[in-house]
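User: I should like to go through the salt bridges and helix packing of this protein. Please show the sequence and structure before we begin.

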Amino acid sequence: MSKKKNIMDKIYTSFDEMTRAYNKVRSELVKLGVLWDGSKLDAVECIYEPFNPCGIVGYMGFCEFVKDGDGNIHFPAIFNGLDWRLKWNDKNSAVDVLRHEFGHALADRYPAALKKGALFRKAFGGAYGDEPARGTDPSDWEGRCVSAYAATATQEDFAETFMFYVKHKGKIPAKFAKKPALRKKWKVMAEIVRRVAAGKR
Ligand SMILES: [Zn+2]
């Protein structure tokens, strides 16, 4: 695979590329135990949007731009969230987007797994939602969140942390393990994943 060079390549995702990413992330979720035949996450589809219905901004899934989603992930062919997306590995960007969106899907379909025991609130600084963690400055995120985008809302913090959790197969990367706040979030993520996986029985 050659590295993508121009801007169009970076913001354009083909249907095939999206489908490969979707299948890859689904198999990662199977290995983590949160997706199985007939499960709630198994029902989450990924819908390709060749003509971005929200205009140039783009939207993905349940979260940022569509308040009343249909429970599926929507993937625009063109997405110009450059400042966000260009930070990611070009080749894996569609995969990372879907890992992130499946984080929202998990929260959406298993709300009890996040609420039980108030673990989520303690680690993420508030209930799952579109507000930043209580008393935090979103621009001051290093060591506290896994990315700048994660600091913008507790639901994005969860989705971004889930993205890395899936990417690293549940094993915390050394750079995160050094930070107590990130260790705490990772531990809570592992517990939430365990709770969802327990539903298989
Ligand atoms: Zn999101």
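User: In which helix do Glu191 and Arg194 both lie?

Analyst: This is a predicted model, in which local features need pLDDT of at least 70 and side-chain atom pairs count only at pLDDT 80 or more, while totals for chains, interfaces and linings use all residues. Residues are numbered from 1 along each chain as its sequence is written, and side-chain values use heavy atoms, with hydrogens and water left out. Helices (H or I, at least four residues) and strands (E, at least two) are DSSP runs numbered from the N terminus. Glu191 and Arg194 are three residues apart, about one turn of the helix, and the element that holds both is helix α9 (residues 180-198).

User: How far apart are the closest N and O atoms of Glu191 and Arg194?

Analyst: A salt bridge is a side-chain nitrogen of Lys or Arg within 4 Å of a carboxyl oxygen of Asp or Glu. Glu191 is partly exposed at 21% relative accessibility, and Arg194 is partly exposed at 47%; here buried means under 20% relative accessible area, exposed over 50%, and partly exposed in between (1.4 Å probe, protein chains only). The two residues form a salt bridge, with the closest N and O atoms apart by 2.9 Å.

User: Which residues are joined into one network by salt bridges that share partners?

Analyst: A search of the whole structure finds eight salt bridges. In one of them, the side chains of Glu28 and Lys24 meet at 3.9 Å, N to O, and both residues lie in helix α2 (residues 15-32), four residues apart. Through shared partners, salt bridges form one network of Lys24, Glu28, Asp96, Arg99 and Lys167.

User: Is Glu28 buried or exposed?

Analyst: Its salt-bridge partner Lys24 has a relative accessible area of 38% and is therefore partly exposed. Glu28 has a relative accessible area of 13%, so Glu28 is buried.

User: Which residue forms a salt bridge with Asp42?

Analyst: The closest N and O atoms of this pair are 2.7 Å apart. The pair links distant parts of the chain, 16 residues apart: Asp42 is in the loop between α2 and β1 (46-49), and its partner is in helix α2. Asp42 is partly exposed at 21% relative accessible area, whereas the partner counts as buried at 19%. That partner is Arg26.

User: Are α2 and α4 parallel or oblique to each other?

Analyst: α2 and helix α4 (residues 93-109) pack at an angle of about 50°, with their axes 9 Å apart. Axes are lines fitted to C-alpha atoms, for helices over the stretch in contact, and angles run from 0 to 180 degrees between N-to-C directions. Angles under 35 degrees count as roughly parallel, over 145 as roughly antiparallel, 65 to 115 as roughly perpendicular and the rest as oblique. The two helices α2 and α4 are therefore oblique.

User: Which residues of α7 are met by Glu28, Leu29 and Leu32 in α2?

Analyst: α2 and helix α7 (residues 154-167) pack at an angle of about 80°, with their axes 10 Å apart. α2 is therefore roughly perpendicular to α7. With contact meaning heavy atoms within 4.5 Å, the three residues of α2 meet Phe162, Tyr165 and Val166.

User: How far apart in space are Thr136 and Gly125, C-alpha to C-alpha?

Analyst: Thr136 lies in the loop between α6 (119-124) and α7, and counts as partly exposed at 27% relative accessibility. Thr136 and Gly125 are 11 residues apart in sequence, and their C-alpha to C-alpha distance is 8.7 Å.
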